[in-house]
Amino acid sequence: MRHLFLLGLIALGGCQTPGAPSEPSLAPRAAEAIDPRLPVEAAVDARPADPALAARIAALVGQADQAANAFAAAEPRVRSAAEEAGPRESESWIAATLALGELERIRAPFTAALAELDALRAAAVRNPAASAADLAALAEASERLRGLDVVQAGALDSIRLAIAG
C-alpha cells in the first residue's frame, strides 16, 4: 500500500513542469496595441487604365451610341405602324411586324457591343493584374449602356403589345 502511495505521488509530481507559470500572463499582447478605431491602410492601385482596353471600350461605346441613335430615330415610325396595325395577318399588321423586325435589326449592334463589354468586364474582374482604373472604366461604360438597354427593351415590349392588339 505504501508503494502505491509513493507511486501516485511520483506520478502527480511529473505532471507539473518546473518553472512554468500555473496561470496565463495578463500582460498586453501585440494585437491589443492596435487601435480598432483607426482605418486599415489598403494598398492603392494608382496604375493608369490600359490604353488598348480604353480604346476598345471607346469603340464599343461608340458602336452602341450609333445603334442607339438609329434606334431612337426609327422607333417613332415603328410605334406609329404598330398603333395603326389592324387585325392579325392583315396588311397593316404585317407591315407593323416587319417594321418591328427592322427595329430589332437596328438594335443588334447595340446588344453586340453590350455583350462584348460585359465579357471584357467579367474577364477583368477575374484577372488579378487588372488595374482599378480598368475596372472602373468598364463598370462605368457597362452601367451607361445598361440604362439604354432597359429603355430600348421597354420600347420594344410596348410596340409588341401594340401589335398584338
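Partly exposed residues are those whose relative accessible area falls between the buried limit of under 20% and the exposed limit of over 50%. Arg-146, at 33% relative accessibility, therefore counts as partly exposed. This residue is a helpful way into the structure, which is a predicted model. Across the chain the mean pLDDT is 87, and 85% of the residues reach 70 or more. Confidence is highest in helix H2, with a mean of 96, and lowest in helix H1 (residues 2-13), with a mean of 61.

We may turn to the charged pairs. The whole structure holds nine salt bridges. In one of these, Arg-146 meets Asp-118, with N and O 2.1 Å apart. Asp-118 belongs to helix H3 (residues 91-126) and Arg-146 to helix H4 (residues 132-164), so this salt bridge ties together parts that are 28 residues apart in sequence. Asp-118 has a relative accessibility of 25%, and therefore counts as partly exposed.

Another salt bridge pairs Glu-143 with Arg-121, whose closest N and O atoms are 3.3 Å apart. Here Glu-143 is the partner in H4 and Arg-121 the partner in H3, so the pair ties together parts that are 22 residues apart in sequence. Arg-121 is also placed in the partly exposed class, at a relative accessible area of 27%. Elsewhere, Glu-104, Asp-157 and Arg-160 are joined into one network by salt bridges that share partners.

Within a single helix, Arg-79 forms a salt bridge with Glu-75, and their closest N and O atoms are 2.7 Å apart. Both residues sit in H2 (residues 51-83), where a separation of four residues amounts to about one turn of the helix. With a relative accessible area of 26%, Arg-79 is partly exposed.

Helix H4 deserves a paragraph of its own. At 1.5 Å a residue, its 33 residues should span 48 Å, and the C-alpha atoms at its ends are 47 Å apart, which agrees. Its buried residues include Leu-138, Ala-141, Leu-145, Leu-156, Ile-159 and Ile-163, and also the polar or charged Asp-134, Ser-142, Asp-149 and Gln-152. These buried residues of H4 pack against H2 and H3. Just after the helix, Gly-165 adopts a positive phi of about 85 degrees.

The nonpolar interior comes next. In soluble globular proteins, nonpolar side chains tend to be buried together. The largest nonpolar core of this model has 16 residues, and the members that touch the most others are Ile-57, Ala-64, Phe-110, Leu-117, Leu-138, Ala-141 and Leu-145. H2, H3 and H4 are the elements that give two or more residues to this core. H2 provides the largest share, seven residues. When neighbours within four places in sequence are left aside, Ala-141 is in contact with Ile-57, Val-61 and Leu-117. A second core, separate from the largest one, has 15 residues, among them Ala-74, Ala-85, Leu-156 and Ile-163.

Some pairs of residues illustrate how positions distant in sequence are arranged in space. Gly-62 is part of helix H2. Its C-alpha atom is 9.5 Å from that of Phe-110, although the two residues are 48 apart in sequence. Gly-62 has a relative accessibility of 31%, so it counts as partly exposed. Ala-112 is part of helix H3. Between Ala-112 and Leu-60 the C-alpha distance is 8.8 Å, across 52 residues of sequence. Ala-112 is partly exposed, at a relative accessible area of 42%.

One backbone feature completes the description. Most residues other than glycine have a negative phi. Glu-89, however, has a positive phi of about 70 degrees although it is not a glycine. This residue is found in the loop between H2 and H3. With a relative accessibility of 63%, Glu-89 counts as exposed.

Terms used:
Residues numbered from 1 in each chain as written. Predicted model: local features only at pLDDT ≥ 70, side-chain atom pairs only at ≥ 80, totals over all residues. Heavy atoms only, no water. Salt bridge = Lys/Arg side-chain N within 4 Å of Asp/Glu carboxyl O. Buried < 20%, exposed > 50% of the residue type's maximum accessible area, 1.4 Å probe, protein only. Expected span 1.5 Å × (residues − 1). Contact = heavy atoms within 4.5 Å. Core = buried A, V, L, I, M, F, W, Y, C linked by side-chain atoms within 4.5 Å. pLDDT = per-residue confidence, 0-100.
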